[in-house]
Amino acid sequence: MLPRLSPLLRPLHPPPLPSVATPMARVLPRAAPVRLIPTPNAIASICLSPRLGLDTNANRFGVCPSLKSSLSGRGFHAQCRDNGRALTPLGRVWASQQREYRKVRRRAVKGKEKELELIVSICIEEDLPDDPEVLSISEMLRLNVPMAMKVAFDGLKDSRYKTRDTAISDVGGFESVELSLLLCNDEFICKLNKEWRDEDHATDVLSMSQHAPELKLPILMLGDIVISVETAARQAEERGHTLLDEIRILMVHGLLHLLGFDHEISEEAEAEMEKEEELLLKSLGWKGKGLIQSAYDAETNANSHEEKTDDRKKEGRLRFYKPKFNYIFCDMDGTLLNNKSQITSANARALKEAVSRGVKVVIATGKARPAVISILKTVDLAGKDGIVSEFSPGVFLQGLLVYGRQGREIFRRNLDPNVCREACLYSWENKVPLIAFTKDRCLTLFDNPLVDSLHTVYHEPKAEIMPSVEHLLAAVDIQKLIFLDTSAGVSTTLRPYWSEATRDRATVVQAVPDMLEIVPLGTSKGSGVKMLLDHLGSTAKEVMAIGDGENDVEMLELAALGIALSNGSEKTKAVANEIGASNDEDGVADAIYRYAF
């Protein structure tokens, strides 16, 4: 969130900068107006008296529909006042820097006599999901922020500081004080940090000063405090206290910056601000040490929060981001499964986290449904609370078998019987292993180690050996056929032969190099996905798709965002919007954390 200032003051320039050279950028280089759009009766006027404390009857908040920022094209949910105004950055920006600090003595607090009105806005950036813990903390901050302000203000008058900027010497001369606090995620605070401080990394707290002492206004526009709850959650875990404790610590740190304390200008200033943090937290009865001392105890350094950020979110932090898509359609072989045909724990955790955030994960594969259930059961992703079961939607056998709501079959397409006969005769005469897929069964004409591998390695149903071609053809309707051979045998012999032999009657595709699949003409995994989306009342705009093989091309083209893993075919990568990590590098997890939220 940017500092709040009336349109009348927008053209003014920030106050002169201190001459002390520090590594922190201090000037907001330009104004970026932000409009506050209030709801009726939304009031956040909190009256404080040094003697009487909070007038809780005045603590009435509404919720703003949005707070648009031209800085990053985002909006804020805000608990705010009813007199909406443009928000314009003015003054200075501070960020906490983690490095070694030292302890000093504390001082006593002195009170003020004059009653003061505090006008506080507690805001939640709109792309931060409605996490119950964050919402509860925002409610608690309604009381905590003005309490901290009151105690901090009490200590300003008649106190002796050697390093504090005294632009704000005594708030008793003002009729009211305005302050806003914004909760956001790392992605948002990183953009603010880059825009206003030219620091391309996330941080835990930013303070953005609004005070313009030369204007002699009756209202002290203190400024804004921006806190990343994502970083705060990580620090809370590292330091052994709750997220609320950490956010209180960060709020105190940011508030002291707005009141003129700056631990970066000198060791003396560092010690003075550290003392104020400890005193303020103790006076309020809040847990935890000040941010400076916490950083010192953790033996961190100035770079601990300066990790370069990219589009990839961290594992366990999706709770701080809203999904960009309602559906993730994911291939199996060569995509979700590594080259050992296993699903890694990292991929499994990413899928579970995505599901927990409301994303629907749908498998779209050339495999039969029993094979998928068998594999995902090993990582606790099959069944009622998983992503696949006999009662969940899915696209199987290259889109030839599609299941909709409650796992009911909504589409099945069979292969031309004449093509099936020709392929079976070719297999029998040339002793090339062939598997016929018929819904949840696999049939073959003779035993072969490659046939066994389809069950033992790829988890397909164990192939039933039929006594003759006629018995196999008479047994069931066939959806697709797979020839098994070496990669060289498929590319040099089987594919050229069957591409010509099935012309205008069927299509040949490959999911893996040592298998050639023959499927009905005009069908694809993409057409199966489209059919399922129509059945679910959804559109391709809601879909992110991940694949690797040429059988995934139509699916990736259909999706709003198609991601081909780096191990994929060149044809697949050519149509993808993004190229992800390989299937042996947890490519699915990387795609989810990088693109889905």
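**Sheet and helix contacts**

Q: In S21, which residue is the bridge partner of Phe-437?
A: S18 and S21 pair in the antiparallel sense, over 4 bridges. Pairing takes at least two DSSP bridges between strands. Strands are DSSP E runs of at least two residues and helices H or I runs of at least four, both numbered from the N terminus. Opposite Phe-437, the S21 partner is Lys-480.

Q: What pLDDT do local features need in this predicted model?
A: Residues are numbered from 1 along each chain as its sequence is written, and side-chain values use heavy atoms, leaving out hydrogens and water. The model is predicted: side-chain atom pairs count only at pLDDT 80 or more, totals for chains, interfaces and linings use all residues, and local features need pLDDT of at least 70.

Q: Which are the edge strands of the open sheet?
A: The sheet has 6 strands in the order S20-S19-S18-S21-S23-S22, with mixed pairing. An edge strand pairs on one side only. The two here are S20 (464-465) and S22 (506-509).

Q: Which residue of S20 stands opposite Thr-444?
A: S19 (441-444) pairs with S20 in the parallel sense. There are 2 bridges between them. Facing Thr-444 is Ile-465.

Q: In the hairpin of S18 and S19, what is the phi of Lys-439?
A: S18 and S19 run antiparallel and share 3 bridges. One pair sets Ala-436 against Leu-443 of S19. The hairpin leaves 2 residues between the strands. Lys-439 takes a positive phi, near 55 degrees.

Q: How many residues of S18 are buried?
A: Leu-434, Ala-436 and Thr-438 point one way, while Ile-435 and Phe-437 point the other. All are buried (under 20% relative accessible area with a 1.4 Å probe, protein chains only; over 50% is exposed, in between partly exposed). The strand is largely enclosed by the rest of the structure, because the buried count is 5 of the 5.

Q: At what angle to S21 does H10 run?
A: Helix H10 (417-430) lies across S18 (434-438), S21 (480-484), S22 and S23 (515-520). Axes are lines fitted to C-alpha atoms, for helices over the stretch in contact, with angles from 0 to 180 degrees between N-to-C directions. Relative to S21, the helix runs at about 20 degrees.

Q: At what angle do H4 and H5 cross?
A: Helix H4 (243-258) and helix H5 (267-284) have axes that come within 10 Å. Angles under 35 degrees count as roughly parallel, over 145 as roughly antiparallel, 65 to 115 as roughly perpendicular and the rest as oblique. The axes of H4 and H5 cross at roughly 130 degrees, which makes the two helices oblique.

Q: What is the handedness of the crossing of H1 and H5?
A: The axes of H1 (132-154) and H5 come within 10 Å and cross at roughly 125 degrees. Met-147, Ala-148, Val-151 and Ala-152 of H1 meet Leu-280, Ser-283 and Leu-284 of H5, in contact (heavy atoms within 4.5 Å). A crossing is left-handed if the near helix is turned anticlockwise from the far one by less than a right angle, and right-handed if clockwise. H1 passes H5 in a crossing that is right-handed.

Q: Which residue with positive phi follows H3?
A: Helix H3 (229-239) has 8 of its 11 residues buried, so the rest of the structure largely encloses it. Among them are Val-229, Glu-230 and Arg-239. The residue after H3, with phi near 75 degrees, is Gly-240.
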